[in-house]
Amino acid sequence: MRRLSRALALLVLLLAPSAFAQAVLTGADMRPAQSLDGAWHWSVDPYRDGKAGFHGGMPGESSRRWSDIIQADALEQNPRARYEFDMQRSPVTHLPGSWIGHAAEMRYYQGLVWYQRTFDARKPAAGTRMFLRFGAADYTTDVYLNGKSVGSHKGGFTPFVFDVTELLRDGSNQITISVDSARTDDDVPPPVTDWETYGGITRSVTLVTVPETFVDDAWVRLGRDGRIHADVRLYGHQAQNRDLAVRIPALGLTLSGKTDSSGSWTSSAPAPGMLKRWSPEVPTLYDVRIESGTDLLQDRIGFRTIETRGTQILLNGKPVFLRGISMHEEELGKDPVRAITPAAARALLTEIKQGLNGNFVRLAHYPHSEVMTRMADELGLIVWSEVPVYWRVNWNNPATLASARQQLRENIVRDRNRASIALWSVANETPIGDARNAFLRTLIADVRAIDDSRLVTAALLSKREGKVMRIDDPLVADLDVMAINTYNGWYSQDPLAELPSFEWRSPANKPLIFSEFGADAQAGYNDAAADPHKFSEEFQAEYYRQTLAMAAKVPSLAGLSPWLLKDFRSPRRQHPVFQQGWNRKGLISETGARKQAFFVLAEEYRKRAGH
Ligand code: GCU
């Protein structure tokens, strides 16, 4: 009996290299890797024939896009074979980037698309593992390698990895991916959002080689206790009781130790006096090395603290006013495909930092590319990061909650080494109710469990009574920072001159951010009338002057992230003259033309920055 149980235990150990959790490969974008970006074949599958036969069940051979065949060869061998696809002769596109940019007819396609390419690799050497890593794909992704299913992922904005060590072969390998952009009312976000669904593989695909046992997750930060903390988790057969070290050479600091029986380790040490804390003014980043066995994970990390005191937000112990703006993940240009390169990220964030004299950006309404958050680290912008728990979420469905929790975890684990991120937001404009409160309180508890070093917030709505704006969302009690979206003067017909007379009442002694306010303006549409029409630049500029005057009277105000930096695609915005499928609340047009309101906000922030 004893021999059997030992064999069973060994089997479990062998089968589940990490009995702990799915690998995450934190910081994998900093590891040496083989890029699979570039030319891919693509093929639409609107009725999902590649997923199910005409009576359901497995699709027939004629529809299996992932089959490990070269069709020309297969037909050579069997002229009577029949295929109703041919991935090798389908059109070619460049990835990453949403399919809406692949061809004119794809602009409004939502559904299933197949991608395929081949790449040369070698079978992983003994003692190594190879992972396929996706920066993100929107919305449901299935991956096949050399004809075998590798795994699936749901969620459009967070990274995911698959261990393909056993599936790679020497020489040419064939990878096939299906991405389905369709969402149901049970998904996060649900189908109706005020932004375009950029279906497809929108972030990089890489092949990452790591030692059999490697540094899977590492979190290194400055605690409010003045100590540098490190939490590291190894993945692999030798993850348990293994030596490791975290080094910050420029500080002459090394934390070292041994993992526990679960492969995890935590430690801390007083921060050296020479530490230069990260701030928007001095965004200092340090090279950090996490070493274990033959594995080295390197990252560039800033060290700072963020907390609240009464109605103030403190950065490194000092009150900071967040001079910000919101933005979607779209590169500048008239046909964005949500391909955020470092240059694209720099162009957008520089408009905030240099153009607007800003120090803050709300990356709405979902986790943006790691390229964007790393750029915020580098340029010195404080970041609000959020998950797409947006509007009409199905609060009563456990699977919906599970999806929101998964995306929240994937976002925080990916980015909690980013000094720029100060706020995790769990929701945007969600209707108050018991089920919603419970759902969001679960997410808030998750944030606090995964990352106790940052602030939790959510973009809420307020109640209007005449000219009194009341913040009475029960969720306020659970948040560190209250955030309110308010649009008096745009989504109401209040004369703009009356906006400064509005009064704000909030029950809590907490910092308040106006996380949204804004007005549409079509760049170049001018109306010199004393009472200019909506959608004119003059209206938008006057709206900003008056709303900022209103905001200046709110004593608990700790920050602003008006809606928003750049016009963005939204299928809900179809005015044929002013919108054409774009939400025009940008302070710059989609091609970067600055509107009059841009200069109103820039002046406000210049004054608030004391320049
Ligand atoms: C809402 C919402 C945004 C939307 C904006 C608008 O507050 O949060 O996603 O784009 O208002 O109406 O333009």
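Helix α5 passes helix α6 in a right-handed crossing, and this is a good place to start in what is a predicted model. The two helices span residues 398-415 and 434-450, and their axes come within 10 Å and cross at roughly 25°. Since angles under 35 degrees count as roughly parallel, α5 and α6 are therefore roughly parallel to each other. On the α5 side, the contact is made by Thr400, Leu401, Ala404, Arg405, Leu408, Arg409, Ile412 and Val413. Facing them from α6 are Phe439, Thr442, Leu443, Asp446, Val447 and Ile450. By character, this set of residues divides into nine nonpolar, two polar and three charged.

Keep α5 in view, as it leads us to the largest pocket. That pocket has a volume of about 750 Å³, and 38 residues line it. Nearest its centre lie Val24, Asp217, Arg233, Arg409 and Val413. You have met two of these names already: Arg409 and Val413 of α5 also take part in the contact with α6. Helix α5 gives the largest share of the pocket lining, six residues. Two or more residues also come from each of several other elements, including the strands β7 (148-154), β8 (160-163), β11, β12 (227-235) and β15 (264-270), and the helices α4 (370-379) and α6. The lining as a whole is made up of 14 nonpolar, eight polar and 16 charged residues.

Strand β11 now takes us from the pocket to the enclosed spaces. Rolling a probe the size of a water molecule over the atoms shows where empty space is left. Here, the structure holds two cavities of 30 Å³ or more, and the largest has a volume of about 60 Å³. Of the 14 residues that line this largest cavity, Arg221, Gly302, Arg304, Arg416 and Arg454 are the closest to its centre. The largest share of the lining, four residues, belongs to β11, which covers residues 214-222. Sorted by character, the cavity lining has six nonpolar, three polar and five charged residues.

Helix α4, which helps to line the largest pocket, also packs against a helix. Its partner is α3 (residues 342-355), and the two axes come within 9 Å and cross at roughly 50°. That angle makes α3 oblique to α4, and the crossing is right-handed. From α3, the contact draws on Pro342, Ala345, Arg346, Leu348, Leu349, Thr350 and Lys353. From α4 come Val371, Met372, Met375, Ala376, Glu378 and Leu379. Together these residues count nine nonpolar, one polar and three charged.

Our last stop is the pair formed by helix α7 (residues 537-551) and helix α8 (residues 596-608). Their axes are 7 Å apart and they pack at an angle of about 20°, which makes α7 roughly parallel to α8. As for handedness, α7 passes α8 in a right-handed crossing. The residues of α7 that meet α8 are Glu537, Glu538, Gln540, Ala541, Tyr544, Arg545 and Leu548. On α8, they meet Gln596, Ala597, Val600, Leu601 and Glu604. The residues of this contact divide into six nonpolar, two polar and four charged.

Note on methods:
Residues numbered from 1 in each chain as written. Predicted model: local features only at pLDDT ≥ 70, side-chain atom pairs only at ≥ 80, totals over all residues. Heavy atoms only, no water. Axes fitted to C-alpha atoms, helices over the stretch in contact; angles between N-to-C directions. Parallel < 35°, antiparallel > 145°, perpendicular 65-115°, else oblique. Left-handed = near helix turned anticlockwise from the far one by under 90°. Contact = heavy atoms within 4.5 Å. Nonpolar A, V, L, I, M, F, W, Y, C, P; charged D, E, K, R; others polar. 1 Å grid on protein atoms, 1.4 Å probe; cavity = no way out; pocket = protein on both sides within 12 Å on 5 of 7 lines; lining within 4 Å. Points joined across faces, edges and corners; volume = space filled by probe spheres on them.
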